[in-house]
Amino acid sequence: MATMADVARSAGVSVATVSHVLNGTRPVLPHTRQAVLDAVEELGYTTNTLARSLVTSRTRSIGLAVSAISNPYFTEILQGVEASALEHGYSLLIADPHDDPEHERKVVQLLHERRVDGMIVAPSADPRGLLAYLERHDVPAVFLDRLVDAPAADGGPRFDQVCADNAEPTSRLVAHLAGLGHRRIGLVAGRPGLSTTSERITGYRSGLAFAGLPYDERLLVHGDSESAGGEQATAALLSLGVPPTALVTGNNAMTIGALRALRARGLSVPGDIALCCFDDFAWADLFSPRLTAIAQPSKDIGAQAVRVLLERLAEPDRLARTVRLPSAFVHRTSCGCPEEPMRSEHPQQPQQAQQPQQSAQSVQSARAAQSERGTVA
């Protein structure tokens, strides 16, 4: 088996230079670096990760705690984390906390016991145990997708955080539906306690206010971020004396549940009820009708979380920060707009002139259809 000394002799450099190239511990001239990499390839040299970790106290591994099994959105984030980790020479240890606070603390402890250099975590709705463990053991960590309201002494966040914008895109969906003539717009919200849920509720109420519509607490029901919960929440909205004529669903799992509830009652989208959803997913364009959605940059969120964690490892004492990435409005037909080429655009503060274009005739037709049901003012 080739050794580092063999690589150094073949490349005509010192063992220290080989170490700097393989571990990224010091800049090396491009031609020298290439000579080392060529020698590594020619000799089939592989690093002794265990020996290196004993010397450097680093394992070049990252712990990832997300509920990827139960939430397909996190599956895409996982892909972004894995690709970025491999690009930077890190391996990935994955655990699923199942959105359960007690299990979350346990899996984080297990990852820590395996000596990962740092962690990326999508925190649960009650992250107190998680926070206590990370702070007690001084574990470098980045919170993913969901923010934690735990300010440091300077007023900033105690931990680095990476997420998408939530409030404004949700407001955009509501404003779009209101622009089509809807006056009773329901929200199937996620699990209480999650920052994504509270921010999307804020966006929902902001969209209503922008459109001059009153907030009716009966039109907001929690679906607990799961398909079954989304189905039950949608059923509750449809059972109201005056049900909504349009729905906004708070994530992709609840969108599936909402569609199931609508189908069970023989209701069509958008003929009987319009639908917009937060979270786009691979097959959203295959539904009939095609789903109008907010698309989060899930893979980019995962990749950015890795970069922020590596910056933390390089500079342990720097101030923590929150990074927000923009989401995109993907205009399709489930909202009730006519078929047109799909487009995706970054959302802006809702303004009437910024709404997707629609002919006056189609708007009048949509309003007429809703008025026949006696639900549109």
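**Sheet, helices and selected residues**

Biologist: In this predicted model, what is the order of the six strands in the open sheet?

Modeller: The six strands of the open sheet have parallel pairing. Strands are DSSP runs of E of at least two residues and helices are runs of H or I of at least four, numbered from the N terminus. Two strands pair if DSSP finds at least two bridges between them. The order is 2-1-3-4-5-11.

Biologist: Which are the edge strands of this sheet?

Modeller: An edge strand pairs on one side only. In this sheet, that applies to strand 2 (91-95) and strand 11 (322-325).

Biologist: By how much are neighbouring strands of this sheet turned against each other on average?

Modeller: Axes are lines fitted to C-alpha atoms, for helices over the stretch in contact, and angles run from 0 to 180 degrees between N-to-C directions. For neighbouring strands of this sheet, with direction ignored, the average is 20°.

Biologist: What pLDDT must side-chain atom pairs have to count?

Modeller: Residues are numbered from 1 along each chain as its sequence is written, and side-chain values use heavy atoms, with hydrogens and water left out. In this predicted model, totals for chains, interfaces and linings use all residues, local features need pLDDT of at least 70, and side-chain atom pairs count only at pLDDT 80 or more.

Biologist: Which residue in strand 11 stands opposite Val162?

Modeller: Strand 5 (residues 160-164) runs parallel to strand 11, and four bridges join them. Cys163 stands opposite Arg324 of strand 11. The residue opposite Val162 is Val323.

Biologist: Which side chains of strand 11 are buried?

Modeller: Buried means under 20% relative accessible area, exposed over 50%, and partly exposed in between (1.4 Å probe, protein chains only). Side chains alternate along strand 11, and Thr322 and Arg324 point to one face and are not buried. The buried ones, on the other face, are Val323 and Leu325.

Biologist: At what angle does helix 6 run to strand 3?

Modeller: Helix 6 (residues 101-113) lies across strand 1 (61-65), strand 2 and strand 3 (118-121). To strand 3 its angle is about 155°.

Biologist: Is helix 2 roughly parallel or roughly perpendicular to helix 3?

Modeller: The axes of helix 2 (residues 15-23) and helix 3 (residues 30-43) come within 10 Å and cross at roughly 85°. Angles under 35 degrees count as roughly parallel, over 145 as roughly antiparallel, 65 to 115 as roughly perpendicular and the rest as oblique. The crossing angle therefore makes helix 2, relative to helix 3, roughly perpendicular.

Biologist: How many residues in the contact of helix 2 with helix 3 are nonpolar?

Modeller: Contact means heavy atoms within 4.5 Å; here Thr17, Val18, Val21 and Leu22 of helix 2 meet Thr32, Arg33, Val36, Leu37 and Val40 of helix 3. Ala, Val, Leu, Ile, Met, Phe, Trp, Tyr, Cys and Pro count as nonpolar, Asp, Glu, Lys and Arg as charged, and the others, Gly among them, as polar. Two residues of this contact are polar and one is charged. The nonpolar ones number six.

Biologist: Is Leu22 buried or partly exposed?

Modeller: Leu22 is found in helix 2, where Thr17, Val18, His20, Val21 and Asn23 are buried. Its C-alpha is 9.2 Å from that of Gly89, 67 residues away in sequence. With a relative accessible area of 23%, Leu22 is partly exposed.

Biologist: What is the relative accessibility of Cys277?

Modeller: Cys277 lies in strand 9 (residues 274-278). Leaving aside neighbours within four places in sequence, Cys277 is in contact with Leu173, Thr249, Thr255, Leu291, Thr292, Ala293 and Ile294. Cys277 counts as buried because its relative accessibility is 1%.

Biologist: Where is Pro270 placed?

Modeller: The peptide bond from Val269 to Pro270 is cis, with omega near 0°. The place of Pro270 is the loop between helix 11 (252-264) and strand 9.

Biologist: What is the phi of Asp145?

Modeller: Asp145 lies in the loop between strand 4 (141-144) and strand 5, and counts as buried at 5% relative accessibility. Asp145 is a residue other than glycine, yet phi is positive, near 70°.
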